[in-house]
Amino acid sequence: MNGDFRDGHCVMPNSRYENSRASSGICYLTAKVRARSSLTVMTDSTVIGLASEGRRVTGALIRRADGSQTTVRARETIIAAGALRSPTILMRAGVGPAEHLRARGIAVTADLSGVGQNLQNHPVLYLCALLKSQGRDDDRVRPAASTYLRWSSKMSGV
């Protein structure tokens, strides 16, 4: 799925248990990890900006579900908000292509031309088929919706 881009079929690589999907939180935030004194899990909270001193990021500005806001300070700040929200957070904090930021009235903290560039998505068309039991994979082998087909239009540049 992620390495061989010819037409064909494959198994979708995703975090899952034998018969169900599993979130990153379930897979990586084990009881042992959650017990760390250096970890705070904040649910119902949204990052609305970055805290900084000059050009150094010192944490994140957080809005909670009740509307209250707080600043979480950190020695190191890692932004892991996905392909769309990570560059949004950075750019709103002034980190990104200077010309693009200035055109939107955002003061430039760091002119980094790659932020928010080269974003790609995978166009998907979902099809389902009801197969007789003898045509299905055994549930113990792979759960439903794990087998994918890939075929292209053969159009240049698509």
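A residue is called buried here when its relative accessible area is under 20%. By that criterion, 15% of the 158 residues of the chain count as buried in this predicted model. The accessible surface of the chain comes to about 13100 Å², and carbon and sulfur atoms hold 52% of that area. Among contacts with a separation of 6 or more, 29% are made by residues 24 or more positions apart.

**Confidence and overall organisation**

The average pLDDT of the chain is 83, with 80% of the residues scoring at least 70. Confidence varies along the chain: among its elements, helix α4 (residues 98-103) has the highest mean pLDDT, 97, and strand β7 (residues 147-150) the lowest, 69. The chain contains 4 helices and 7 strands. Read from the N terminus, their order is β-α-α-β-β-β-α-β-α-β-β.

**The three-stranded sheet**

Strands β2, β3 and β4 form an open sheet in the order β2-β3-β4, with antiparallel pairing. Because β2 (45-53) and β4 (69-73) each have a single partner strand, they stand at the edges, and one side of each is left without a neighbour in the sheet. On average, neighbouring strands of this sheet are turned by 30 degrees against each other, direction ignored. Strands of a sheet pair through backbone hydrogen bonds, either parallel or antiparallel.

Strand β2 is joined to β3 by 8 bridges. Two of the residue pairs involved are Ser45 with Arg64 of β3 and Gly49 with Leu61 of β3. On the other flank, β3 (residues 56-64) pairs with β4 over 5 bridges, and Ala60 stands opposite Val72 in β4.

Both pairings are also hairpins, and a glycine with positive phi lies in each turn, as the table shows.

| Hairpin | Residues between the strands | Glycine in the turn | Phi |
|---|---|---|---|
| β2 and β3 | 2 residues | Gly54 | about 65 degrees |
| β3 and β4 | 4 residues | Gly67 | about 95 degrees |

Gly67, in the loop between β3 and β4, is partly exposed because its relative accessible area of 44% lies between the 20% limit for buried and the 50% limit for exposed residues. Gly67 and Ser45 are 22 residues apart in sequence, and their C-alpha atoms are 9.4 Å apart in space.

**Helix α3 and the nonpolar core**

Helix α3 (residues 82-92) has the buried residues Ser86, Pro87, Ile89 and Met91. The elements covering these buried residues include β2, β5 (95-96) and α4, so that strand β2 takes part both in the sheet and in the cover of the helix. Just after α3, Gly94 takes a positive phi of about 90 degrees.

Which residues make up the largest nonpolar core? Its 5 residues are Met91, Val95, Leu101, Ala110 and Val115. Met91 thus belongs both to the buried residues of α3 and to this core. Leaving aside residues up to four places away in sequence, Met91 touches Gly96, Pro97, His100, Leu101, Ile106, Val115 and Gly116. Two core members, Leu101 and Val115, are included in that list.

How values were computed. Residues are numbered from 1 along each chain as its sequence is written. This is a predicted model: local features need pLDDT of at least 70, side-chain atom pairs count only at pLDDT 80 or more; totals for chains, interfaces and linings use all residues. Side-chain values use heavy atoms; hydrogens and water are left out. pLDDT is the predictor's confidence in each residue, from 0 to 100. Two strands pair if DSSP finds at least two bridges between them. Axes are lines fitted to C-alpha atoms, for helices over the stretch in contact, and angles run from 0 to 180 degrees between N-to-C directions. A nonpolar core is a set of buried Ala, Val, Leu, Ile, Met, Phe, Trp, Tyr and Cys residues joined through side-chain atoms within 4.5 Å. Buried means under 20% relative accessible area, exposed over 50%, partly exposed in between (1.4 Å probe, protein chains only). Contact means heavy atoms within 4.5 Å. Accessible areas come from the Shrake-Rupley method with a 1.4 Å probe; for residues, only the protein chains shown count as cover.
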